[in-house]
Amino acid sequence: MSDFVTIVEVGPRDGLQNEPRPLATADKVALIRRLAASGLKVIEAGALVSPRAVPQMADTEAVLQALELDGAQRYPVLVPNEKGLQRALAAGVRDIAVFAAASDSFSQKNIGCDVAASLRRYRPVVEQARAAGCRVRGYVSCVMGCPYEGVVPLARVAEVSLALAEMGCGEISLGDTIGRGNPRLTRELIRTVAAELPLSRLAVHFHDTWGMALANVCQALELGIRTVDSAVAGLGGCPYAPGASGNVATEDVLVLCQGLGLSTGVDLQAVAEAGWWVSEQLGRAPASRASQALLARQHAGA
Ligand code: HMG
Ligand code: MG
């Protein structure tokens with residue numbers, strides 16, 4: 001099993017989509033550049049969704065225009081439908097993500113249709129994206145619980161994951177949208193989905209609402225998952241998942257990987273500095289223990 005972990009940095013998208021105070025376009029670009037300079041190779045740069053649904057992402061094209069889309073980094077964007085794909089292709093995007101759910105109620109609130117309808121909607125989007133040479137990731141939200149329906153059967157998660165994989169999504173990200181997971185459920189989730197799809201095609205995406213995100217990442221890594229979504233400074237939340245808090249912090253995942261002897265190619269100090277910078281712009285403290293420990297050490301002059 002490889003000892004390399006790919007970190008998918010979702011802060012500039014999942015992190016900023018829920019911020020009451022939107023970050024200026026130039027600051028988003030500055031954040032993404034800092035993250036790229038830290039060694040992160042996959043950075044979600046925005047979402048080509050309805051600007052009415054998520055106004056914080058309305059400037060995604062302007063952000064993309066400032067990035068080098070054919071360089072060493074990949075900058076995926078969320079695409080909810082064919083209109084989003086047309087915008088992505090016009091912007092020169094090479095990586096998209098479609099986002100389904102394991103719960104009909106969440107799907108309805110998030111993208112205006114149930115899960116079955118969303119899969120029908122995504123099929124031509126994925127086909128066209130792949131024909132245009134894009135990589136496609138598929139998200140499954142609410143894999144460990146739904147804010148509206150409560151318990152979500154793991155068999156349903158596996159079914160939606162398989163449907164996305166079969167329509168052409170190369171990677172499936174399993175999203176604990178409301179942060180209700182724990183290591184035991186993480187183990188059951190991964191075993192259930194891995195019965196249908198190879199571990200190498202799975203990513204995990206944990207929110208830290210109940211403080212379990214890092215423990216869940218640890219469990220997933222021990223089971224052989226090698227792609228982890230995280231957000232600098234623990235930014236994040238979903239506008240359609242009331243109460244959901246930030247993603248697991250990239251800084252904390254880096255420290256965990258170091259401790260487990262896994263490499264990431266990412267410089268912790270550089271990510272932490274990007275996190276301090278963006279937290280200052282947003283007027284808050286970074287939601288990362290590793291970041292706080294680094295700051296304390298710096299202040300102590302150690
Ligand atoms: P709708 O209102 O049903 O769409 O929204 P519609 O097709 O009826 O169109 C309504 C209007 O929106 C029209 O404009 C369209 O042109 C426009 P009008 O004619 O009224 O002026 N429109 C668009 N504009 C720009 N770009 C587009 C687009 N599509 C339609 N792509 C829709 C349906 C899916 C578009 C909407 O509900 C939407 O954009 N939802 C996105 C919600 C979202 O971004 N949620 C957060 C991301 S998911 C998440 O965070 C979870 C994740 O992190 C994993 C995890 O944690 O679990 C990924
Ligand atoms: Mg999320």
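In which helix is Ile111 found? Ile111 is found in helix α5, where helices (H or I, at least four residues) and strands (E, at least two) are DSSP runs numbered from the N terminus. With a relative accessible area of 13%, Ile111 is buried; here buried means under 20% relative accessible area, exposed means over 50%, and partly exposed lies in between (1.4 Å probe, protein chains only). Asn81 stands 30 residues from Ile111 along the chain, and the C-alpha atoms of the two are separated by 9.3 Å.

A few words on how the values came about may help at this point. The model is predicted, so local features need pLDDT of at least 70 and side-chain atom pairs count only at pLDDT 80 or more, while totals for chains, interfaces and linings use all residues. Residues are numbered from 1 along each chain as its sequence is written, chains are lettered from A and ligands numbered from 1 in the order in which they are written, and side-chain values use heavy atoms, with hydrogens and water left out.

The metal site comes next. The magnesium ion (ligand 2) has Asp14 (OD), His205 (NE2) and His207 (NE2) as its protein donors, at 2.0 to 2.3 Å. Donors are N, O and S atoms within 2.8 Å of the metal (3.2 Å for Na, K and Ca), and water is not among the atoms, so sites may look incomplete. Along the sequence, the donor residues of the magnesium ion follow the spacing D-x190-H-x1-H. Distant parts of the chain are linked in this way: Asp14 belongs to helix α1 (residues 11–15), whereas His207 sits in the loop between β8 (202–206) and α9 (213–222), 193 residues apart. Asp14 and His207 are both buried.

His207 also leads to the other ligand. A side-chain N or O atom of His207 is 3.1 Å from an oxygen atom of ligand 1, which falls within the limit for a polar contact, a pair of N or O atoms within 3.5 Å (within protein, one must be able to donate a hydrogen and the other to accept it, and residues adjacent in sequence count only if both atoms are side-chain atoms). Two arginines have such pairs with oxygen atoms of ligand 1 as well: the side chain of Arg13 at 3.0 Å and the side chain of Arg52 at 2.9 Å. On its own, ligand 1 has 1100 Å² of accessible area, and the protein covers 71% of this; accessible areas come from the Shrake-Rupley method with a 1.4 Å probe, and for residues only the protein chains shown count as cover.

Around ligand 1 there are 28 residues, of which Gln17, Arg87, Asn110, Ser141 and Thr177 come nearest; a residue is near a molecule or strand if one of its heavy atoms lies within 4 Å of it. Two or more residues of this shell are given by each of α1, α4 (82–90), α5 (104–111) and β6 (135–141). Helix α4 gives the most, with three residues. By class, the shell holds twelve nonpolar, ten polar and six charged residues. In this grouping Ala, Val, Leu, Ile, Met, Phe, Trp, Tyr, Cys and Pro count as nonpolar, Asp, Glu, Lys and Arg as charged, and the others, Gly among them, as polar.

The cysteines were also examined. The count of disulfides is zero, a disulfide being a pair of cysteine sulfur atoms within 2.5 Å. For Cys113, the nearest cysteine sulfur is that of Cys142, 14 Å away, and Cys113 is buried at a relative accessible area of 9%. For Cys257, the nearest cysteine sulfur is that of Cys218, at 9.3 Å; Cys257 is buried too, with 0% relative accessibility.

Cys142 returns when the backbone is considered. Although Cys142 is not a glycine, its phi is positive, at about 60°. Cys142 is located in the loop between β6 and α7 (154–167) and is buried at 0% relative accessibility. Ala233 likewise has a positive phi, near 60°, in a residue other than glycine. Ala233 has its place in the loop between β9 (227–230) and α10 (250–260), and counts as buried at 0% relative accessibility.

Two further residues complete the tour. Ser103 lies in the loop between β5 (95–101) and α5 and is buried, with a relative accessible area of 0%. A polar atom of the Ser103 side chain is 3.1 Å from the backbone nitrogen of Phe106. Glu188, in helix α8 (residues 183–194), is partly exposed at 33% relative accessibility. The C-alpha atoms of Glu188 and Leu48 are separated by 33 Å, with their positions 140 residues apart along the chain.
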